[in-house]
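Q: I'm new to this one. Can you walk me through it once it's up?
A: Sure. Here it is.

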Amino acid sequence: MTVTASVNTRIQLSVKGASQETTCGTSLASGPWEFDKGMPEYGPGASVADAIPANSPVQSQIPATYREASDEELHERIVAAKKTLGDSVVVLGHFYQRDEIVQHADYLGDSYQLAVAATKHAEAKAIVFCGVHFMAETADVLSNPDQSVILPNLAAGCSMADMADTDSVEECWAQLTELYGTEPNAQGKVPVIPVTYMNSSAALKAFCGRNGGIVCTSSNAKTVLEWAFERAERVLFFPDQHLGRNTALSMGIQLENMPLWHGRKALGGNTEQTLNDAKVILWNGFCSVHKRFSVSQIEKARVDFPGVRVIVHPECPMDVVLAADENGSTDYIRRAVAAATEPTTFAIGTEVNMVQRLAAQYPQHNIFCLDPVICPCSTMYRIHPAYLAWVLEELVAGRVVNQISVAPEVQANAKVALERMLAAKPSV
Ligand code: SF4
């Protein structure tokens, strides 16, 4: 069945008992301001069990005029504010945002596509990034110094990005360089190079820039690992173990050469021998949204819909990726659906807002999310229209709120790692 109601509408109906569907947290139906007062975890949704770092940004309470406004009123206020602001603002919406936000976005895309889109609008004084914290940081690194990048809700972090903090990675690096040394081998390769997924803080991108390392996205992870192996014997990959493992496995690297590094433990909980044999050292991070997908969901989809085409994101665990027909980034998934010429049933393993939107956009196909429970990315979900209306109306009043600013020395080193990624070319 193709469902076209928005994810938020489905959650509201489920919580009221007006549908048969279930959600992973009934509090998802509430306004995020209920959780912005400060709570020990990320709020309702898949990442509710993940511990939020103590120094995470906290969103102050927004005025009641926004919290109490109806959906229709918020919509009209956003439209009016955008009209007043004209070209002086550009609104970016991530694929995983709710529809009620995406309809106001000038661009829809993944984190890197959106950061690049922002650079094409030099006339915009403000870039409103409807995504999560690390994405706004990347936009700040790549945009002009006179542009302000705004995150409508400062509490919209990313539980995966937060799993690799700078201190733990620096400590890991100190242990690895002590074990391996820093001298290149006879082929001129250094012992280890750091590779960070785009889903990481600007500070960790800068760490890679300073230490000969590089950034990757889920679209180019293989190309980036090839780049790294031309220069190093090994790779330290953070924060997502699954993207690292799935990519390395597709390159023929054996599982026994991919030890997991547990932060704050001596040698990450490994022996010297294991680390000496390692090709890819995987940080113990994961995405709680993609961790929900399972082989049994795929098996059920194959029974219910013989001939179903199963596509999952490489942030899913390895057994899920191996059981799927294809795996790829959000952009890969979007293009695969767009390119299907015959009516097809797609079972998709990525965030439900994006799957829902594809289902609405391509009614000739039967498109559904592998996870039967409605479980959006809870931190993306914090970008409620009330926050978007607030930051835009503040801009109309001449005030910039919720600006994300990356320190100049961090920007410079992060840019080095990002530029290495842009220069990396796939092997023929
Ligand atoms: S879907 Fe996962 S990786 Fe993406 S922002 Fe949400 S928690 Fe982070």
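A: A residue counts as near a molecule if its C-beta atom, placed from the backbone, lies within 6 Å of it. Keep in mind that this is a predicted model.
Q: OK, so which residues come nearest to the ligand?
A: Cys-158, Met-160, Cys-287, Val-289 and Cys-377. They belong to a set of 14 residues around the ligand.
Q: What classes make up that shell around the ligand?
A: Eight residues are nonpolar, five are polar and one is charged.
Q: Switching topic. What is the domain assignment of the chain?
A: Domain 1 covers 1-30 + 290-375. Domain 2 covers 37-157 + 381-408. Domain 3 is 164-285.
Q: How many residues do domain 1 and domain 3 put into their contact?
A: Domain 1 gives eleven residues and domain 3 gives ten. Their centres, taken over C-alpha atoms, are 31 Å apart.
Q: Which helices help on the domain 1 side?
A: α14 (318-323) and α15 (330-339) each supply at least two residues there. By class, that side of domain 1 has six nonpolar, three polar and two charged residues.
Q: Now helices. At what angle do α3 and α17 pack?
A: About 30°, with the axes 9 Å apart. α3 is residues 71-85 and α17 is residues 385-396.
Q: Left-handed or right-handed crossing?
A: Left-handed.
Q: And which residues meet there?
A: From α3, they include Leu-74, Ile-78 and Ala-81. From α17, they include Leu-388, Ala-389 and Leu-392. The residues of this α3 and α17 contact divide into eleven nonpolar, two polar and four charged.

Notes: Residues are numbered from 1 along each chain as its sequence is written. This is a predicted model: local features need pLDDT of at least 70, side-chain atom pairs count only at pLDDT 80 or more; totals for chains, interfaces and linings use all residues. Ala, Val, Leu, Ile, Met, Phe, Trp, Tyr, Cys and Pro count as nonpolar, Asp, Glu, Lys and Arg as charged, and the others, Gly among them, as polar. Axes are lines fitted to C-alpha atoms, for helices over the stretch in contact, and angles run from 0 to 180 degrees between N-to-C directions. Helices (H or I, at least four residues) and strands (E, at least two) are DSSP runs, numbered from the N terminus. A crossing is left-handed if the near helix is turned anticlockwise from the far one by less than a right angle, and right-handed if clockwise. Two residues are in contact if their C-beta atoms, placed from the backbone, lie within 7 Å. Domain bounds come from an automatic or database domain assignment.
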